[in-house]
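Please open the structure in a viewer and keep the selection panel at hand. The tour below proceeds from one selection to the next.

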Amino acid sequence: MSAATHPDDVDLSPLAAIHARIARAAALAGRRADDVTLVAIAKTKPVEAIQPLIDEGQRVFGENRVQEAQAKWPPLVEAHPDIRLHLVGQLQSNKAEDAVQMFDAIHSLDRPSLLVALARAMDKTGRRVPLFVQVNIGEEAQKGGCPIGDVSALLTQARGADLPVAGLMCVPPAGIEPAPFFALLGKIAADNGLAQLSMGMSEDFDTAVMLGATHVRVGSALFGARAG
Ligand SMILES: *Cc1c(COP(=O)(O)O)cnc(C)c1O
């Protein structure tokens, strides 16, 4: 039976069903479900859609735009100080300081100029925000992310700047089997001594967990489809 569908899940809320799927995939791989963080991707979703998930106990959320996060989250974080926000979208260097102030993890470090901006922002704010290097794992021209061949050099530069790099992140090419790309990201992380893997979205997070994901980024399976 696939990990993705299970008769026991029919009465569960979307959040509980996703936790059940993560637990099942982790168990299949001999991993602990606790080692997988569900990042609920709330981009484009209003506070009224987010609040029920907070009420159900979800605390780790993701956004892909700094300004949208600044508009939505401060009251929610004030009410629930244990909320943790992850940035999963492309980041412009001129927004690095805002991002370091707002977020508890940044999944989109992909180039030397952004690395310099993030180092400066962390020095200035005194905050040390764990970073994931986003890898262009399918070598797609139109997609963001560091080319595979440049990852080692970027990591060397990050270590030189004393930046807290936690792991690697990827978004595999659309429409084809993601497992080889997840496995490749895991290999690149292991080769570089990195423990954490941000990979897996609504369509493929079970597979990602089986292949070692420590952070799955799930939006539409939790919140319903996004408009546009
Ligand atoms: C939107 C987004 C997600 C969530 O995608 P879903 O398919 O809705 O689960 C995950 N990661 C990134 C980088 C995203 O931009």
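**First stop: a buried lysine and its partners**

Select lysine 72, which counts as buried at 11% relative accessibility; buried means under 20% relative accessible area, exposed over 50%, and partly exposed in between, with a 1.4 Å probe and protein chains only. This is a predicted model, in which local features need pLDDT of at least 70 and side-chain atom pairs count only at pLDDT 80 or more, whereas totals for chains, interfaces and linings use all residues. Residues are numbered from 1 along each chain as its sequence is written, and side-chain values use heavy atoms, with hydrogens and water left out.

Add glutamate 63 to the selection: its side chain meets that of lysine 72 in a salt bridge, at 2.8 Å from N to O. The term denotes a side-chain nitrogen of Lys or Arg within 4 Å of a carboxyl oxygen of Asp or Glu. Glutamate 63 is buried, at 0% relative accessibility. Now include Glu68, since a network of salt bridges links Glu63, Glu68 and Lys72.

**Second stop: further salt bridges**

How many salt bridges does a search of the whole structure find? The search finds ten. Select arginine 59 and aspartate 82, whose side chains form a salt bridge of 3.1 Å, N to O. This pair links distant parts of the chain, 23 residues apart: arginine 59 lies in the loop between helix H2 (47-55) and strand S2 (60-63), and aspartate 82 in the loop between helix H4 (74-79) and strand S3 (84-87). Helices (H or I, at least four residues) and strands (E, at least two) are DSSP runs, numbered from the N terminus. Arginine 59 is partly exposed at 23% relative accessibility, and aspartate 82 is partly exposed at 43%.

Move next to arginine 111 and aspartate 110, joined by a salt bridge with the closest N and O atoms 2.7 Å apart. Arginine 111 is partly exposed at 25%, while aspartate 110 is buried at 12%.

**Third stop: alanine 26**

Select alanine 26 in helix H1 (residues 14-28). Alanine 26 is buried, with 0% relative accessibility. Beyond its neighbours within four places in sequence, alanine 26 is in contact (heavy atoms within 4.5 Å) with Arg31, Arg32, Ala33 and Val209. Display alanine 213 as well: alanine 26 and alanine 213 are 187 residues apart in sequence and 9.4 Å apart in space, C-alpha to C-alpha.
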